[in-house]
Amino acid sequence: MEQENDLQFQCILKSQCPGIKLAETEVYVPSSANVDVLSTLSKAFVGQKQFEEEVDFLVDGKLLRDNLFEHFKAFNLNTEKPVVVEIIIKKSAPEKQREINADDWVSSIAAINFGVYFGCCDGTISFINHKSAKSKSLYKCLFPVLSLDIANYSMAVASKSSLIDVVHLKDSKNSSCAFKLQGHSGPVNSVSFEQSGQRLASVGEDGMLKIWSTQEKDDFMKEDEILYKRIKSSDDNAKETAKNRAPLVTLSAHQEPATKCLWCREEYISELLTAGFDNTLKVYDLNSLKPRASFTRDRPYNTFDRSLKNFLVATACFDTKVRIYDVRSDHEINVIQSADAHDELVSCVKWSPDDENLLVSGSYDSLVKMWDVRSPRVPLYDISCSEGKVLCCDWNQDSIFFGGEDSKLYRYSA
C-alpha cells in the first residue's frame, strides 16, 4: 500500500469515555491523520467542552501512535472496509513521588496497599509506608535477598541460601522468624504465596518446585527430625527459636535452575507458573501436579508476571524483549519489540493490578518503561532516573516501585 496525498479511510468514530457523548458516526478521514487531527475532528462533533482530559484513539483495537496510513500498514488492516476508531482517555505519565536510600542494591520488592517491603543484597529487609519519608529495617538475612512475597501478615524470604525464612510481621516495626523451610539443595530464586497465604511455592537452583504449608498448626517434620536454629539479631543480644519445616510436595520442574514461580489468583488458584534456564515456561495444574501447558524458546526465561485481569503472562528471556502469552492456549500472542525497546537485558516485568492493558518492564539499561499491550511497538512512557541496572519492580493500586544497583528505591505515581 502506497500513501497518496488524497487517500481517505472510511472510519466509524465512537467514544468509550463517560464524559464524551458521541453516537457512532461514519466519517472519511485523510490517511495522514494523526491523534491531533482526530482530536480536532472529534471536537467538531461533540464540542470542545466535553474534552476536559487528553484523549487517545484506538484504531481497530490498537493505539494510534503514527498517522492512519502507517497504522493500517503496520497492522495490515483492510482499507476496503470501515474501521472502528474509539476515543479513550489518555494514560497520564507516571510522576516521581519519592526516592529512598537503601543499605545496598535493591534486589526484591513486595508492594502492599499501604506500603512496600524491599530486600537488599546485604540481606537487609526494610519497610516504608506511603506517608513516611524513611524506611525501617525489619529483618536481616545472612545472604543476599532474591525474592519476597507477603500474605496475611507473613513474609516469605528467599536468598542465596537453601533455606526459606517465613517471617511473622507483627507490625510495621517488628518481625520474627516463625520457621525455616528446608528442602532445596541450593539457593532459592523465587517464592510465591497462595492467595490465602496458607501455602507457599518455591523454585531454586536445583530446578525443583516445592509446595510448603505455612500454617502455624500444621504438621512439622517428625519429632526426631525437628531442628532448632538460633537466629541472632544484629546486636547478637535478642534470640528466638525457629523450627525447620519439610515440603508438602516436590516436583522436578526444570532440568536446569528455575528462575521464578508464581501462584495464580482468583479462579486460577489451582495453577502455578514456573520458568527456568532450560528455556521453558510451564503452567502447572496443582490438582494433577503436572504441567497443563509449556512454552519453549531458544534461550532461558529470566522473569515473568501474570495479569490479575486476564489470561495474559508477560515474560522476559535473557534478551531485550518482552513477550506476551495467552496461557489458555500453547502459543505466544504478542512480542513487544521496537527501536525504542530496551537496549539491555530485561530484568523485571509487572502488570497493573487495575488495568488489563498496562504493564511495566525494567532493564539493565537503567530504564523502566510503561507499555500498553494495544501498542506493542512503542512504549507509553520511559522512566529514566535510575543510575544503575534496574533489578526489580512492583505495582500496587497507587504506585509503581523499582530499585537496583544504585541502592535506591523509587516510587512513581501509577
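How many bridges pair strand 31 with strand 32, and in which sense, parallel or antiparallel, do the two strands run? In this predicted model, strand 31, which covers residues 368–372, is joined to strand 32 by three bridges, and the pairing is antiparallel. One position of this pairing can be given by residue: M370 has Y381 of strand 32 as its bridge partner.

The two strands belong to an open sheet of four strands, arranged in the order 29-30-31-32 with antiparallel pairing. Strand 29 (346–351) and strand 32 (381–383) form the edges of this sheet, and each of them pairs on one side only. From one strand to the next, the twist averages 20 degrees.

A further open sheet, also of four strands, has the order 21-22-23-24, and its pairing is antiparallel. Its edges are occupied by strand 21 (258–263) and strand 24 (290–296); each has a single partner strand, so one side of each lacks a neighbour in the sheet. On average, and with direction ignored, neighbouring strands of this sheet are turned by 20 degrees against each other. Within the sheet, strand 22 (residues 271–276) and strand 23 (residues 280–285) run antiparallel and are connected by five bridges. Among the positions involved, L273 has V283 in strand 23 as its bridge partner. In general, the strands of a sheet pair through backbone hydrogen bonds, in either a parallel or an antiparallel manner.

The surroundings of D305 were examined in detail. This residue lies in strand 25, which comprises residues 301–306. The relative accessibility of D305 is 3%; because the threshold for a buried residue is under 20%, D305 is classed as buried. Its side chain reaches the backbone nitrogen of W351 at 2.9 Å. When neighbours within four places in sequence are left aside, the contacts of D305 comprise L262, L312, V313, A314, V349, K350 and W351. Of the elements described above, strand 21 spans 258–263 and strand 29 spans 346–351; the contact list of D305 includes L262 on the one hand and V349, K350 and W351 on the other.

As regards the confidence of the prediction, the mean pLDDT of the protein is 87, and 89% of its residues reach 70 or more. Over residues 219–240, by contrast, pLDDT stays under 50. For this segment the model has 36 contacts beyond four places in sequence.

Conventions:
Residues are numbered from 1 along each chain as its sequence is written. This is a predicted model: local features need pLDDT of at least 70, side-chain atom pairs count only at pLDDT 80 or more; totals for chains, interfaces and linings use all residues. Side-chain values use heavy atoms; hydrogens and water are left out. Two strands pair if DSSP finds at least two bridges between them. Axes are lines fitted to C-alpha atoms, for helices over the stretch in contact, and angles run from 0 to 180 degrees between N-to-C directions. pLDDT is the predictor's confidence in each residue, from 0 to 100. Contact means heavy atoms within 4.5 Å. Buried means under 20% relative accessible area, exposed over 50%, partly exposed in between (1.4 Å probe, protein chains only). A polar contact is a pair of N or O atoms within 3.5 Å; within protein, one must be able to donate a hydrogen and the other to accept it, and residues adjacent in sequence count only if both atoms are side-chain atoms.
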